[in-house]
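Student: Please place the sequence and the structure before us. I should then like to examine them by question and answer.

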Amino acid sequence: MPLGKERETSTIPRANSDDKLWIYPSEQMFFNAMRRKNWNPDEKDMSVVVPIHNAVNEMAWQKILEWEKMHETECQQPMLAKFEGRPKDITPKARIRSWFGYALPFDRHDWVVDRCGEKVTYVIDFYSGKQDPNRPMSLSFYLDVRPAVSPSGIWDRLKMSFKKGSFT
């Protein structure tokens with residue numbers, strides 16, 4: 001089955017590149033990447049999977065920007081420097097939550113953000129969300145986005161927990 005080769009431009013600013021914004025993979029590129037990772041993708045699913053992938057990444061970026069608001073910087077523009085999918089690596093937080101009966105995330109990413117020259121790593125656990133009984137065909141995702149464990153990351157988590165009124 002022929003797959004689309006068109007790529008969509010994200011809203012995520014890209015560091016260290018002539019491209020100002022990240023560009024998402026086409027259906028064909030996404031399919032090929034899944035095959036390389038020994039997944040068993042179906043071509044007919046790509047027209048649905050790729051837009052979901054892109055929308056979830058946009059959601060992740062918006063959550064990172066919520067964290068970044070705590071940092072007043074001269075450039076006012078954090079940028080994504082790189083990312084790494086780590087679906088088989090369970091974060092300590094996700095592991096502990098699983099001991100209490102919560103599901104493990106279906107994916108994990110580490111995103112490195114360039115905050116005006118300072119590199120900051122964010123950890124993203126991707127969970128399937130609760131199904132809306134009024135919309136049985138809808139998809140739901142929960143993203144747990146937080147700074148990686150480091151002295152500044154722990155400090156940011158503490159500040160955010162007081163800002164939100166709960167521990168994150």
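**Surface, core and overall form**

Student: What is the relative accessibility of N16, and is this residue buried or exposed?

Tutor: The classes rest on relative accessible area, found with a 1.4 Å probe and protein chains only: buried is under 20%, exposed is over 50%, and partly exposed lies in between. The value for N16 is 69%, so this residue counts as exposed.

Student: On what basis should such values be read, and where does N16 lie?

Tutor: This is a predicted model, in which local features need pLDDT of at least 70 and side-chain atom pairs count only at pLDDT 80 or more, while totals for chains, interfaces and linings use all residues. Residues are numbered from 1 along each chain as its sequence is written, and side-chain values use heavy atoms, with hydrogens and water left out. Helices (H or I, at least four residues) and strands (E, at least two) are DSSP runs, numbered from the N terminus. On that basis, N16 lies in the loop between β1 (9–13) and β2 (21–23).

Student: What is the phi of N38, and what is its setting?

Tutor: Most residues other than glycine have a negative phi. N38 belongs to the loop between α1 (27–36) and α2, and it is exposed, its relative accessible area being 72%. N16, also not a glycine, has a positive phi of about 55°. For N38, phi is likewise positive, at about 65°.

Student: What pattern of helices and strands does the chain follow?

Tutor: The chain contains four helices and six strands. Taken in sequence order, they give β-β-α-α-β-α-β-β-β-α.

Student: What is the radius of gyration of the chain, and what does the globule rule give for its length?

Tutor: The radius of gyration is taken over C-alpha atoms, and the globule rule is 2.2 Å times the number of residues to the power 0.38. The C-alpha trace spans about 50 × 45 × 30 Å along its principal axes. Because the radius is close to the rule for 168 residues, the chain is as compact as a globular protein of that length; the radius is 17 Å and the rule gives 15 Å.

Student: Which residues have the most contacts inside the largest nonpolar core?

Tutor: A nonpolar core is a set of buried Ala, Val, Leu, Ile, Met, Phe, Trp, Tyr and Cys residues joined through side-chain atoms within 4.5 Å. The largest one has 19 residues, and the most contacts inside it belong to I64, W111 and I124.

Student: Which element gives the most to this core?

Tutor: At least two core residues come from each of α2, β4 (107–115), β5 (118–128) and β6 (141–147). Another core, of five residues, lies apart from it and includes L3, F31, M46 and V50. As for the largest core, the element giving the most, with five residues, is α2.

Student: Which residues does N54 contact beyond its neighbours in sequence?

Tutor: Contact means heavy atoms within 4.5 Å. N54 lies in helix α2 and is buried, with a relative accessible area of 3%. When neighbours within four places in sequence are set aside, its partners are E8 and Y24.

Student: How far is P51 from S26 in space?

Tutor: P51 sits in helix α2 (residues 46–68) and is partly exposed, at 41% relative accessible area. The two residues are 25 apart in sequence, and their C-alpha to C-alpha distance is 9.7 Å.

Student: Which residues does F83 touch beyond four places in sequence?

Tutor: F83 is part of strand β3 (residues 79–85). Its relative accessible area is 45%, so it is partly exposed. Beyond four places in sequence, its contacts are W22, D110 and W111.

Student: What distance separates the C-alpha atoms of G117 and M29?

Tutor: G117 occupies the loop between β4 and β5 and is exposed, with a relative accessible area of 56%. Along the chain, G117 and M29 are 88 residues apart, and their C-alpha atoms are separated by 31 Å.

Student: What share of the residues in the chain is buried?

Tutor: Among contacts with a separation of 6 or more, 49% join residues 24 or more positions apart. Of the 168 residues in the chain, the buried share is 37%.
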